Each structure stands twice: as structure tokens, then as C-alpha cells.
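Visitor: Could you walk me through the aromatic side of this one, and then the sheet?

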Amino acid sequence: MFSHSSFGLVSIGVLVVLLSAFRRWFRCPPELQHLPRLPILPLLWSFLRGETESSRVLRLLLPFASAHDTDIVLVWVFGTWYVHVLDFQAGKTLMEHRGIQKQLPPKDMLFWHFVGFHNIFFSDGLEWKKHSNILRPFITRSIPMDLFCRLSHQLCELLKDGGKVSWSDLAHRITLDAVGEPEGPFVSLYHRVMHDISKPLYVAFPSLERWLPRRVARSKVDALIGLFNQILEEKRMNPGQDYLSSMLQAGDLSPQELQDNTVSLFMAGHDTTAGALTTLNQAREEVVAALGRADPTERDFEKMPFLQSCVREAMRINNPSTATIPRIFQDAIIIEGKVIPPQTPIMLNIYANLNNPKRWYCPDRFLPSRFSSETVEMRAWTPFGQGTRQCPARNFAMYEQSVVIAFLLRDFQWFLPRDSIHRNGLQNSFSAFALNLPERMDIILQSINSDKSK
């Protein structure tokens, strides 16, 4: 039997091994130690308890940056250290640099098995140009106002009786119709897959997928990918006016590229729409005055500046994307007077920039009036990224939101349920990849046109 002294020695030995492993796993490389570094222990606790990115930025990242008077902070995530840029002026240096390249994410993560790498978001160089040349004409063509109005009419008809509805369900219905994907059995499977993918421990430590593989979760991912491929085949047989048909008609993409673009573009449309459209009741009078009962045109929105300000403010206060895809440089660059060594992953933290008290007056308050003039705050509004690397579908997204919101404002009063978790502020759910997704966003709709329709 072990004596008490022997047990104590073994315990000390185990503790030494664990401390040594901890230092090895989380040690900051010497070439990065000159940069302000977010403390690792509160950061790990944040990851392990499933804190959302938005909450972590407000609770840890921005206070740390303010205390150290810096707009770049070193943050441990995905098993390595990343440089986060927190201000749009420093972000301009990053996003407009000619030597910038996208960094491939950790391949161990189940999320990347689902999304893939051969798509317009994660490819680079010549491969990216090929994807862009095929998809850009669809997402940058003239705004399909007739499509947005038709979908909004269908949505209002569906909701004509009012009552309690799930905003996430409404958002995915809008997105599925707008991008050309029929609503089918994959929708519920999609939500189950995203829930399985977003396990905080596996997000914080991607290598766990090798050590403790999740075979059931992987089988769900493979089943969902199979459903996406079925949709592609249906579009091949019955093409429409949507991005899936555009990709298929181009004929220049491999089966893997078609699959990866379908999955990633669905996520970009579904999850960002679900996160961006929020309460805008103050704009109702402006919408009614500008439109009456007519369908809006692009020029009509010039007569609705407050509605546009509300959309911008909603995207500022809880932007759907929290950060850009990480970039790397072949040579060292200087940002804010600090040298960033070659091959260091660096990203623009969009959420931090849009909620940085250094740039925004009362950033936690919903103040559409801040966008009433061309101020420095307007230049700091970067929900789609910055420079030439902004999201190419930004106009499509803005008009889609504006049309849907105008219809819903005109036809319904909006209320939060009494038991809503959002009563004291918007609450997001945990996401595996840089997304702000409101948690259980239920709203109560009350028709204000029921008497007119009788």
C-alpha cells in the first residue's frame, strides 16, 4: 500500500506534469510577447462555460483594451494566439494591405468538416477569383425588389392572425425563399447539427475531435451534407433565379466546390438574417407616410432615412458577424506602432469595433439618431468588413432587411413576451463560428390591418 508520503509525492508529480502541459499548451510565443495579451485563465473560463462572443468582448476584451490603451490585443482561441484588431482605423491598415492572405482554420473542428474550405469565403488567390467570378454577378446584380416584396407579402399573409412567433423560424423562411433553397427536412437537422457543432469545449480545443471523436455528431453532419447535395440535384433539374442555379449554370465548379459554397452561403444567409432583423417600431410612421399600401421601390427608401438608421443601428449593436476570417502576412507589418511578425493570425473584431466606447457614444444604447449625419461614427460602422474585402452581398442584405421590416412594421405591432429573456437586453446563443445569434427570439405580433381587410 502507498503511504501518505508516497501518495503526496505522486500527487505533486501529477500536478507538475499538468502544470508543465498547461504552460506548453498556452505559452505565448516569444515573438508575440511584446503585444498586449488577454489573461488566459478568465479567457479559458469564458470558453468552458459557453459564454457568447459578444458577452466575452464586452466583459473581457474591451475593458482590457481600455485599461492598456490599445486597439490590438492578443487572444488565445482555437489552440493558438490570434491578434484582434478592435478599431476601424487600425482595421483599415489590416484589411487594405496588399500582402494579406486568409489563414486556413484548424481542420480538426467538426464545423470545418461541415462547411468545407473550397468556397468563396475561405478560398484565396486564383481559387477565390474563380468562385467570385461565378457568384458575384448574382449577389451584385440589380436589387431584386420584386422578389423581396413577394416574399414579404407571403410572410405577412402567413402571419395575418398574429400571435407569438419565433423570429429565428421567420428569418430562415425568408432566407430559404430568397436564396432558392426549398424548406424541407434539412431545416430541423441543420439546427441539430449547429447545436452539436457548438459544444464550447470542442470549440476551445479543436484537437479533442481527434482524441474524443464524436461519431454520432459527425454522422448528422454527413446526413445534412447529403441533403444539401440533394437540393443541388433538384436545382440542376429545375433551375430558378437564385444563387444555386447560378453556380450550376456556370459549370466551372467541382462537386466539392458546389457543396462547400452551398453550405457556406446558406449559413451566411440564414444565420446573419436571423441575427440582424430586430425591433424597429419607431420607424412605422415613416414607412406608412412613404408607402401607404404600395410596395416599396429602391427610391422609396430615400424617403425613409429613420428606417435606414434603425437598420444600421440594429446591425451595430448586435452585428451578425463578430469577426472577419483570420488573415496572415508573409512579412512583418506594423499596426498601431507595434510589429506583427510574419504568419501571425490576425483578424478585425467587428463586434468590438462596433461597440467600442472609444468610438461610440453610449454603445449599449439603441440610438438610430447617431446615423443622421456623416460623422466619425458612420466611418466606424463596419458590419460587412472594410475596404475591398467587404462582403460583396451587403446591398442585397440591406435591402432584403429593409423591405421585410417595412412590411412587418406597416402590418403589425411588435411586442416582447413578458417572460422573454431579452427583456433587459439582447441575449445571444453560443456559436461555433463568429456569429451573433439571438437566443429564443420570440415576438408577439398584433395585426393593425385586420379591420381594413374585412
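Guide: Let's begin with a cluster held together by ring pairs: Phe111, Trp112, Phe117, Phe121 and Phe122. Rings of Phe, Tyr and Trp (its six-membered ring) pair if their centres lie within 6.5 Å. One caution: this is a predicted model, where local features need pLDDT of at least 70 and side-chain atom pairs count only at pLDDT 80 or more, while totals for chains, interfaces and linings use all residues. Residues are numbered from 1 along each chain as its sequence is written, and side-chain values use heavy atoms, without hydrogens and water.

Visitor: How many aromatic pairs does a search of the whole structure find?

Guide: The search covers the whole structure, and its count of aromatic pairs is 15.

Visitor: Why is the pair Phe111 and Trp112 edge-to-face?

Guide: Planes under 30 degrees apart count as stacked, over 60 as edge-to-face and the rest as tilted. The ring centres of Phe111 and Trp112 are 4.9 Å apart, and both residues are buried (under 20% relative accessible area, 1.4 Å probe, protein chains only; exposed is over 50%, partly exposed in between). The pair is edge-to-face because the planes stand at 90°.

Visitor: And what is the angle between the ring planes of Trp381 and Phe384?

Guide: Trp381 is buried, with a relative accessible area of 15%, and Phe384 is buried with 15% too. Their ring centres lie 6.4 Å apart, and the pair is edge-to-face because the planes make 85°.

Visitor: Which helix gives the most to the largest nonpolar core?

Guide: A nonpolar core is a set of buried Ala, Val, Leu, Ile, Met, Phe, Trp, Tyr and Cys residues joined through side-chain atoms within 4.5 Å. The largest has 128 residues, and those touching the most other members include Phe111 and Trp381. The top contributor, with 10 residues (394-411 is its span), is helix H19.

Visitor: What is the strand order in the open sheet of 3 strands?

Guide: Helices (H or I, at least four residues) and strands (E, at least two) are DSSP runs, numbered from the N terminus, and two strands pair if DSSP finds at least two bridges between them. S4 (163-166) and S9 (412-415) are the edge strands, each pairing on one side only. The pairing is antiparallel, and the order is S4-S12-S9.

Visitor: In S12, which residue is the bridge partner of Phe415?

Guide: S9 and S12 (residues 442-447) run antiparallel, joined by 4 bridges. In S12, Phe415 has as its bridge partner Ile444.
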